[in-house]
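Reader: I've just opened my first protein model and I'm a bit lost. Could you walk me through it, one question at a time?

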Amino acid sequence: MKHVLLTLFFMATCSVWSQSATGYFDKAMKKAEAGNTKGAIADYTKAISMNSKFVEAYQNRGVAKFKLNDFTGALADFNKTIELDNMNADAYTGRANVNYKLLNYPDVIKDCSYSIMLNPKDYVSYNLRALAYNKSGDKKNCCKDFSKAIELGSQSAIKNRATFCK
């Protein structure tokens with residue numbers, strides 16, 4: 001009986017110390033909100049190590065890596081997010097943001113177009129695709145996308161259209 005109680009006590013103590021993937025994810029979210037991006041990445045990584053199919057952890061870690069200008073890491077995380085959930089419009093927009101920073105405009109246009117197909121009200125993708133069209137020399141589609149982004153509520157598209165669509 002004494003051994004059983006000791007074993008139960010040990011197991012209860014260990015379970016308090018251990019965390020689940022969701023627990024690490026929640027900690028990462030709090031760290032990200034507090035501006036502790038590196039700490040958030042560490043906790044997202046722990047969550048992923050416990051659940052290799054944790055779509056939200058990959059996506060959020062991609063966003064955090066993007067904030068730290070780790071574009072290679074962010075691209076890998078957005079690619080993994082899309083591999084696990086190819087209907088995730090935000091992951092396509094995230095990957096498009098990375099590709100924009102990497103000056104890969106054809107992939108920005110492709111990812112934004114797919115994101116818009118999944119979420120037609122995604123004014124961020126319209127605005128980003130317009131910027132990529134502008135860099136590619138396609139002024140007609142650039143101005144058309146800025147107008148659509150404005151129609152959907154984008155404030156930054158107003159400034160962008162005034163700058164690029166004179």
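Reader: Let's start with the stretch of residues 55-88. How far apart are its end C-alpha atoms?
Author: Keep in mind that this is a predicted model. UniProt, in an unreviewed entry, lists residues 55-88 as "repeat: TPR". In the model that span is 79% helix and 0% strand, and its end C-alpha atoms are separated by 9 Å.

Reader: Zooming out, how many helices and strands does the chain have?
Author: Reading from the N terminus, the elements go α-α-α-α-α-α-α-α-α-α. The tally is ten helices and zero strands.

Reader: Asp77 caught my eye in there. Is Asp77 buried or exposed?
Author: Asp77 sits in helix H5, residues 71-84. Beyond its close neighbours in sequence (up to four places away), Asp77 touches Tyr58, Arg61, Gly62 and Lys65. Its relative accessibility is 3%, and the cut-off for buried is under 20%. So Asp77 counts as buried.

Reader: And Met87, is it buried or exposed?
Author: Met87 is in the loop between H5 and helix H6 (89-101). Leaving out neighbours within four places in sequence, Met87 is in contact with Tyr114 and Leu118. Its relative accessibility is 53%, and anything over 50% goes in the open category. That's why Met87 counts as exposed.

Reader: How far is Met87 from Ser115 in space?
Author: Along the sequence, Met87 and Ser115 are 28 residues apart. In space, going C-alpha to C-alpha, the gap is 8.5 Å.

Reader: What about Pro120: which residues is it in contact with, leaving aside neighbours within four places in sequence?
Author: Pro120 lies in the loop between helix H7 (105-118) and helix H8 (123-136). With a relative accessible area of 49%, Pro120 is partly exposed. Its C-alpha is 9.8 Å from that of Ala89, which is 31 residues away along the chain. Once the neighbours within four places are set aside, the contacts of Pro120 are Tyr126 and Leu152.

Reader: Now the inside. Which element gives the most residues to the largest nonpolar core?
Author: In soluble globular proteins, nonpolar side chains tend to be buried together. Here the largest nonpolar core has 16 residues, and Ala96, Val108, Cys112, Leu128, Ala132 and Phe146 have the most contacts inside it. The elements giving two or more residues to this core are H7, H8 and H9. The top contributor, with six residues, is H8.

Reader: Which residues does Ala96 touch, not counting those up to four places away in sequence?
Author: Ala96 is one of the residues with the most contacts inside the largest core. Skipping residues up to four places away, Ala96 touches Val108, Asp111, Cys112 and Leu128.

Reader: How many residues are in the other core, apart from that one?
Author: This other core lies apart from the one with Ala96. Among its members are Tyr24, Ala28, Tyr44 and Ala57, and its size is eleven residues.

Reader: Tyr44 has an aromatic ring. Which residues form an aromatic cluster with it?
Author: Searching the whole structure turns up six aromatic pairs. In one aromatic cluster, Tyr44 is joined by Phe25 and Phe54.

Reader: On to the cysteines! Which two are joined by a disulfide?
Author: A disulfide is a covalent bond between the sulfur atoms of two cysteines. To count here, the sulfur atoms must be within 2.5 Å. One pair has an S to S distance of 2.1 Å, and the count comes to one disulfide. The joined cysteines are Cys143 and Cys165.

Reader: How many residues apart is that pair?
Author: Cys143 is in helix H9 (residues 139-151), while Cys165 is in the segment after helix H10 (156-164). The pair links distant parts of the chain, and the separation is 22 residues.

Reader: Is that disulfide left-handed or right-handed?
Author: You can tell from the torsion about the S-S bond of Cys143 and Cys165. That torsion is about -110 degrees, so the disulfide is left-handed.

Reader: Cys142 is in no disulfide; which cysteine has the nearest sulfur to it?
Author: Cys142 counts as buried, at 0% relative accessibility. Its nearest cysteine sulfur is 4.3 Å away, and a disulfide needs sulfur atoms within 2.5 Å, so Cys142 is in no disulfide. That nearest sulfur belongs to Cys165.

Reader: One last thing: what percentage of the chain's residues count as buried?
Author: The chain has 166 residues. Its accessible surface comes to about 9,800 Å², with 58% belonging to carbon and sulfur atoms. As for the buried residues, the share is 39%.

How values were computed: Residues are numbered from 1 along each chain as its sequence is written. This is a predicted model: local features need pLDDT of at least 70, side-chain atom pairs count only at pLDDT 80 or more; totals for chains, interfaces and linings use all residues. Side-chain values use heavy atoms; hydrogens and water are left out. Helices (H or I, at least four residues) and strands (E, at least two) are DSSP runs, numbered from the N terminus. Buried means under 20% relative accessible area, exposed over 50%, partly exposed in between (1.4 Å probe, protein chains only). UniProt positions are given in the numbering used here, feature names are shortened, and annotations may be inferred rather than shown by experiment. Contact means heavy atoms within 4.5 Å. A nonpolar core is a set of buried Ala, Val, Leu, Ile, Met, Phe, Trp, Tyr and Cys residues joined through side-chain atoms within 4.5 Å. Rings of Phe, Tyr and Trp (its six-membered ring) pair if their centres lie within 6.5 Å; planes under 30 degrees apart count as stacked, over 60 as edge-to-face and the rest as tilted. Accessible areas come from the Shrake-Rupley method with a 1.4 Å probe; for residues, only the protein chains shown count as cover.
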